[in-house]
Amino acid sequence: MLIIPAIDIKNGRGVRLVQGDPNRETVYSDDPVSLARGFEGKGAKLLHVVDLDGAFEGSPVNRDIVVEIAKSISIPIEIGGGIRNIEMVEDYLDNGIERIIIGTALVTGAGEAIIEKYSEYIIVGVDARDSIVATHGWKNVSDISAVDLIKRLQNIGIGEVIYTDISKDGMLGGPNFNSIETILSEVSDLSLIASGGVVSIDDIYKLSEFVNRGLKGCIVGKAIYDGKIDLENAISLFE
């Protein structure tokens, strides 16, 4: 199971938000590129990068920093945040980033053209509050359930999904295991990455029980920054 460290970028800095709230921000680094190099040095095989400003504003804002991260390390990164049309996808692909996360674009209908052209590079971020999908940087709650959206995504060629439980994100209270159980029970042939709430090695052990049912990995952010999980140790245990 992959242990995937997260770098969230806001105003050019590495931060973590509580439940996606831009007013509940902790700054962990003024240099996201150095953070990325550090995570690679500890053995990470993949980095999860989010342009938070882009997610809120609807188009990439910290694009230059993201590209610099990609060019500064040898491991792949996946990037999300405000990527809502083909031109944005192509810009990142042209700069060597081959895992592109889209979310809002799928719910609003703009993303199907992206998937039709670039499905092999697309991972869909399904962000949910109480199992209902939220969009536009988590500001808007839709009327679509996470399970129904994931099933629809499979029908248009998506095989990998990052599922984030908003209520758990940044709270250090443990993942929503029930939601993960529900998704993997109701959706077959899915590669799922869990995000939100991981606080301890015990949480990762519990998540690892889902590996044979389709869980590919988990994204860990605040727990690494706050010293609750040692990334190098977690990678040695689970990868």
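1. Helix α1 passes α3 in a right-handed crossing. In this predicted model, the axes of α1 (residues 32-41) and α3 come within 9 Å and cross at roughly 30 degrees. Since angles under 35 degrees count as roughly parallel, α1 and α3 are therefore roughly parallel to each other. On the α1 side the meeting residues are Pro-32, Val-33, Ala-36 and Arg-37, and on the α3 side they are Ile-65, Glu-68, Ile-69 and Ser-72. By type, the residues of this contact divide into five nonpolar, one polar and two charged.

2. You may like to set that pair beside helices α9 (residues 201-208) and α11 (residues 231-238), which pack at an angle of about 25 degrees with their axes 11 Å apart. The angle is again under the 35 degrees that counts as roughly parallel, and α9 and α11 are therefore roughly parallel to each other. Their crossing is right-handed. From α9 the contact takes Ile-201, Ile-204, Tyr-205 and Ser-208, and from α11 it takes Asn-233, Ala-234, Leu-237 and Phe-238. Six of the residues in the contact of α9 with α11 are nonpolar and two are polar, with no charged residue.

3. Now for the fold as a whole. The protein holds 11 helices and 12 strands. Of its 239 residues, 56% count as buried. If you take the contacts between residues at least 6 apart in sequence, 68% of them join residues at least 24 apart.

4. Which residues touch the most other members of the largest nonpolar core? They are Ile-3, Leu-47, Ile-100, Ile-122 and Val-126, in a core of 67 residues. Helix α7 (residues 146-155) gives this core its largest share, five residues. Another core, of nine residues, lies apart from it, and among its members are Leu-2, Leu-46, Ile-123 and Ile-162.

5. Leu-47 deserves a closer look. Leaving aside neighbours within four places in sequence, Leu-47 is in contact with Ile-4, Pro-5 and Ile-7, with Ala-36 and Phe-39, and with Ile-73, Ile-75, Pro-76, Ile-77 and Glu-78. One of these partners, Ala-36, also belongs to the α1 side of the contact with α3.

6. Another of those partners, Pro-76, has its place in the loop between α3 (63-72) and β5 (77-80). Is Pro-76 buried, exposed or partly exposed? Pro-76 counts as partly exposed because its relative accessibility is 44%, and the partly exposed range lies between 20% and 50%. Not counting residues up to four places away in sequence, Pro-76 touches Lys-45, Leu-46 and Leu-47. Leu-46 is among the residues of the nine-residue core, while Leu-47 belongs to the core of 67. Pro-76 and Arg-99 are 23 residues apart in sequence, with 7.8 Å from C-alpha to C-alpha.

7. Two more loop positions bring together residues from separate parts of the chain. Ile-83 sits in the loop between β5 and α4 (86-94) and counts as buried, at 3% relative accessibility. Ile-83 and Pro-60 are 23 residues apart in sequence and 6.5 Å apart in space, C-alpha to C-alpha. Gly-111 lies in the loop between α5 (104-108) and α6 (112-118). With a relative accessible area of 0%, Gly-111 is buried. The C-alpha atoms of Gly-111 and Asn-85 are separated by 7.0 Å, although these positions lie 26 residues apart in chain numbering.

8. Finally, some backbone torsions for your checklist. Most residues other than glycine have a negative phi. Asn-11 has a positive phi, near 55 degrees, and lies in the loop between β1 (2-10) and β2 (13-18). Asn-11 counts as exposed because its relative accessibility is 53%, and exposed means over 50%. Asp-189 also has a positive phi, near 55 degrees. The place of Asp-189 is in the loop between α8 (177-186) and β11 (191-195), and Asp-189 is exposed, with a relative accessible area of 73%.

Technical notes
Residues are numbered from 1 along each chain as its sequence is written. This is a predicted model: local features need pLDDT of at least 70, side-chain atom pairs count only at pLDDT 80 or more; totals for chains, interfaces and linings use all residues. Side-chain values use heavy atoms; hydrogens and water are left out. Axes are lines fitted to C-alpha atoms, for helices over the stretch in contact, and angles run from 0 to 180 degrees between N-to-C directions. Helices (H or I, at least four residues) and strands (E, at least two) are DSSP runs, numbered from the N terminus. Angles under 35 degrees count as roughly parallel, over 145 as roughly antiparallel, 65 to 115 as roughly perpendicular and the rest as oblique. A crossing is left-handed if the near helix is turned anticlockwise from the far one by less than a right angle, and right-handed if clockwise. Contact means heavy atoms within 4.5 Å. Ala, Val, Leu, Ile, Met, Phe, Trp, Tyr, Cys and Pro count as nonpolar, Asp, Glu, Lys and Arg as charged, and the others, Gly among them, as polar. A nonpolar core is a set of buried Ala, Val, Leu, Ile, Met, Phe, Trp, Tyr and Cys residues joined through side-chain atoms within 4.5 Å. Buried means under 20% relative accessible area, exposed over 50%, partly exposed in between (1.4 Å probe, protein chains only).
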